[in-house]
Amino acid sequence: MMVDSTLAQVGKNLSDAMRILEDGQRELETGTERRRFSRTSIPGPLQGDGQDVTTILHLVHNLIHEEEEKEDKPSQHRMQNVGEQGHMALLGHSLAAYISVLDRERLRKLTTRILSDTTLWLCRLFRYENGSAYFHEDNRDGLVKVCRLVINARYEEYASEGYAVLSSKQPVIYQSASSRPGLGQHLCSQLGLPLSSLCTVPCNTIFGSQHQMDVALLDKLIKEDVEAGKLPLLLIANAGTPGAGHTDKLGRLKDLCDQYSMWLHVEGVNLATLVLGQVPSAIMAATRSDSMTLTPGQWLGLPAVTAVTLYRHEDPALSLAAGLTSSQPVEKLRALPLWLSLQYLGHNGIVQKIRQATALSQQLLQKLKSLASIKTSDVLETEISLVEALTMVEDEHSSPVVLFKFSQEMSAASSGGSVEGYCAGEREVLDAFNRWLGEQLARLVPSSGVEVVELEDEGTCVRFSPLLTAAVLGTQQEDVEDLVEKLMELVPVMSSTMCLRQDFREETHRHAASLRYIEELSWPGLGAVRYQPQTEGVDENRRKQELEKINTELLKKLQELDTDIVFSTGPEFGTEEDCIFVGMVTEDVDVPELVDTIAALGRDIEESGRLLENMTEVVRKGILEAELQLQKANEEKLMEEGVLRQLPLVGSVLNWFSPVQSSIKGRTFNLAAGSLDSTEGTYSTKAQTDRPSLQDTPTSSSKRLPGQRLFRRSGASSDSFSETSSIGQTDETAREESTTVSSSTLPPTSPAVPEEDSHSASDVSAEKMEESSEQVLTQVETEEALEERQPEGQEVEESRR
C-alpha cells in the first residue's frame, strides 16, 4: 500500500520528537542530564542562525523540567502515561496542520468524512441516537453554544432584534447547587445575561442524596418564574457531580422539562458508563436529554483531545447561528485526534478501559467494606467506625466514584486516651485530619489518583475517581491494594492521635506556668504549645524577641531527640507564630513524659540564656569582691612579714637568709556559681579542683531495650509507620523508675530518660550545662592582680617560689 511521503515524514518526526523528550526524562530521573541551557528561564533575542530540531527539542525538555533540575530531584507531580493511543492523539494534531494546506475540495471531503465518522461512533458508543456533535477545547464552550441555540429557538426575533427581545420575557437558566463552581456565572458572562437569569436549585435536605437536585423544589421555582412573566429556558443536570459523583434524578427532570418546554443538558463523569453492556437506569435516562457534554480524553487517557457535546436539533440553520456547526473545513479538523484515537482503540478497547476504571472503584469499595474499621453509606446511620466509606450514587454497585473519610466516632478502647468532652471545633479538626489523610495517600500511592475534596455537608473527604485518573496515571489493581494497605496503616495513627489530643491539652495546662496550649484546629496532629518565659518588667519588643529565640531553640532541641514524633513550626500559612507543633503519634506515646520534656528543655534554654545575659554583672561583682579580698590579704601579709621584707633589695636579702612561707591564698572565680573559692587545693595537687559535673550527677533513667525510642509507655507496642507519619516500631518493655538526685542547675521536673539514649532530654541538658561551666570557669590569680595594683608584686611571687 502506497503512503504519502509527507504523511510518513510527519509520523517519523513525531516519533523522533517523542523519543527525544522521553529519553531526556529518563536521563533526568537517573541524574545524567546535563544542563546545556542554564539560562532557559531568561528570555533572549532570536538567534541569527537557525537551530536544528534536536536542539530545539532539548530546549523544550529543559523548559518543562526546569524546576526539577534546580532542586536536583524528580518531580512529585503526576505525569500522564502517554501510551500508543496517546501518540495517535498527538499525531492527529500534526496531521491537522498538514491536511489544512490541501486544496479546498479535497480538504472539504476529508473533513466531512472525519466529522461524520467521529459523530457516528460517539453517538453509538454513548447510546445517543440521531445526535450531532460539536467539538470544543473548553469543556464549558459546548454548553454556551447550546444556550445560544435554545435562545435562538425560543425567541424567534432574536436573530434580528438581538438582546432587546429578551426584555419582554427574561430567560432563566437552572442549575444544581452541586454543579461546577462558576459554571452559571460563566454562562451569563458569555451570553450577556444578568446574574438574575441564573437560578441555583438546592439539593435534597431530608430525603435522598444530599447532592441530588430537589425536583419538587425545582418545580416550585419554575412555577414562580412563569407566574412572574419569565421564560424557563434550560436546566443543567449532573450525571456525576464534580465533588461527590452523584447523579440527579434524570428521568423525573426530563419529564419536568418536557412539561415546561425546557432544554435539558446533562454532564458528568458517570456518562462514561453508557458504553458498558449493563447501564443503571439512573444513567440510562441521560440518553433522553437534549444535549450532553463528554470528555473522552480524560476517560481514555488521550492527551490534547477535545471535549464533545452531543445534541439533538432539527434546524441546521439555528445550529449554524449558535456556532455548533461551521462552514469552515479547518474547524472540523478538531475531531481529527479523537478520530485517530478511536480507530486505534476500537470499540472493544474503549469499553475495556471504561470497564477497568469502574472495576477499580468497585475493588476499593469492597476492600473498604471488608475492613472492620470501615463502613459504607448503607450503614452510616447505625454503625460506628474509624473511617466512613461513602458511595455517592443511588446504585453503589455501578458507582465509578468512591469517597471515604476519617470519622471521629472511634473505638476508645484502642487507645489509652479519651475523646469525651472533645467537642469544640470538631468539624474543623476532622477536616484537618482528612486533609492530611488524603495528602499522605496521594504521596504514598501517587498512581492511585486519590485527591482531597471539600463537600458542604460531609466536609473534607478523600475521593477515588478512576474514570478521571486511571487511564492517565495507569492505575492497576495492585495500586488499589497498596492504597488499602497504606490506609490501614494510617487509620490507627490518626485514631490514637485524636484520642490523645485531650490528654495533651490537659498535660499542657498542668504546666501552665511555662507552657501555653495553642488552639490550632487546622493542625492534623497531637497539638501545639508555646513556651512562655518569665518576662516580668520587660518591654514588649524584648519579650517577643526572647519568646521567638527560646521557642526556636526549643524546637531545634526537640527535633534532635531520638524519637519518631515529628516536631515542626506548623502549617505554612498558619496564624500562630513561635509555636511548637506536635505531629501524629501512636497509642503507646507517654503524653505526660512528652510534655514534661518540652517544659524541662524550655526551662533549660531559658536559664542558660539568663546566665549568659547576667554574666557581665556577675563578672563585675566578682572582680570587686576579689579586689577587696586581695587588698585585705596584702595588709595581713604586711603585718605578718614586716616592712623590711617589702623593700625590693632588703627584702630579697632577708628572704634569701631567712625564707618566709607566704600565707596569701589564691582565689578561683566560678562564673557559673558566682563565687570565689580558694586555690589552695590547686597548688597542693597541681590540678584544678572542679565542682561535680552534671555528668557525674546521677540522673533519672529507665531501662529500655536497644532501639527503644523516647516517649513510649511501659507495656505498650506499636507498628511501624515510618513511611506514613515518621513513627517507628517499638517493642514491649517494662520501665523501672529511679529517684532523681536534685541539682541546682537542673530543672526540678526533668522527666525520666534512658542512660543509653545520648539524645535524651536530661543528657542534652547535662551536656549543655557542663559545657557552659567549662567555658565560664576562670581562675583569677592573686599575683596577677597584685602586679597591676601593688609595686611589691614581684617580691610576692618570688616569696611564693
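Let's start in the middle of a sheet: Ala237 in S4 stands opposite Val266 in S5. Those two strands run parallel and are joined by five bridges. Strands here are DSSP runs of E, at least two residues long, and helices are runs of H or I of at least four, both numbered from the N terminus. Two strands count as paired if DSSP finds at least two bridges between them.

A word on the source, before I go on: this is a predicted model, so local features need pLDDT of at least 70 and side-chain atom pairs count only at pLDDT 80 or more, while totals for chains, interfaces and linings use all residues. Residues are numbered from 1 along each chain as its sequence is written, and side-chain values use heavy atoms, with hydrogens and water left out.

Back to S4, then. How many of its eight residues are buried? Eight of them are, so to speak the full strand; buried here means under 20% relative accessible area, with exposed over 50% and partly exposed in between, using a 1.4 Å probe and protein chains only. On its other side, S4 runs parallel to S2, with five bridges joining them, and Pro171 stands opposite Leu231 there. S4 also forms a right-handed β-α-β unit with helix H10 (residues 250–259) and S5. Right-handed means that, with the strands pointing away from the viewer, the path from the first strand over the helix to the second runs clockwise.

Now let me zoom out to the whole sheet. Seven strands make up an open, mixed sheet, and the order is S1-S7-S6-S5-S4-S2-S3. Which strands sit at the edges? They are S1 (132–136) and S3 (198–201), each pairing on one side only. From one strand to the next, the twist averages 20 degrees. At the S1 end, S1 pairs with S7 (residues 307–311) in the antiparallel sense, over five bridges, and His136 faces Ala307 in S7 as its opposite number.

Two helices are worth a look here. Helix H9 (residues 215–227) packs on the sheet and touches S2 (171–176), S3 and S4 (231–238). Contact means heavy atoms within 4.5 Å. The direction of H9 makes about 170 degrees with that of S2; axes are lines fitted to C-alpha atoms, for helices over the stretch in contact, and angles run from 0 to 180 degrees between N-to-C directions.

The other one is H8 (residues 183–191), where Leu183, Gly184, His186, Leu187, Cys188 and Leu191 are buried. What do they pack against? Helix H6 (141–154), along with S2, S3, S4 and S5 (263–267). As a reminder, an α-helix has 3.6 residues a turn, so residues three or four places apart point the same way. After H8 comes Gly192, with a positive phi near 75 degrees.

Let's hop along the chain to S14 (residues 527–531), where five of five residues are buried. Both faces are covered: Gly527, Val529 and Tyr531 lie on one side, with Ala528 and Arg530 on the other. S14 runs antiparallel to S13 (residues 515–518), with four bridges between them, and Leu515 stands opposite Tyr531. S14 also pairs with S16 (residues 580–582), again in the antiparallel sense, over three bridges; there, Val529 has Ile580 as its bridge partner.

To finish, the overall picture. The protein has 26 helices and 19 strands, and 49% of its 801 residues count as buried. Among contacts between residues at least 6 apart in sequence, 71% join residues at least 24 apart.
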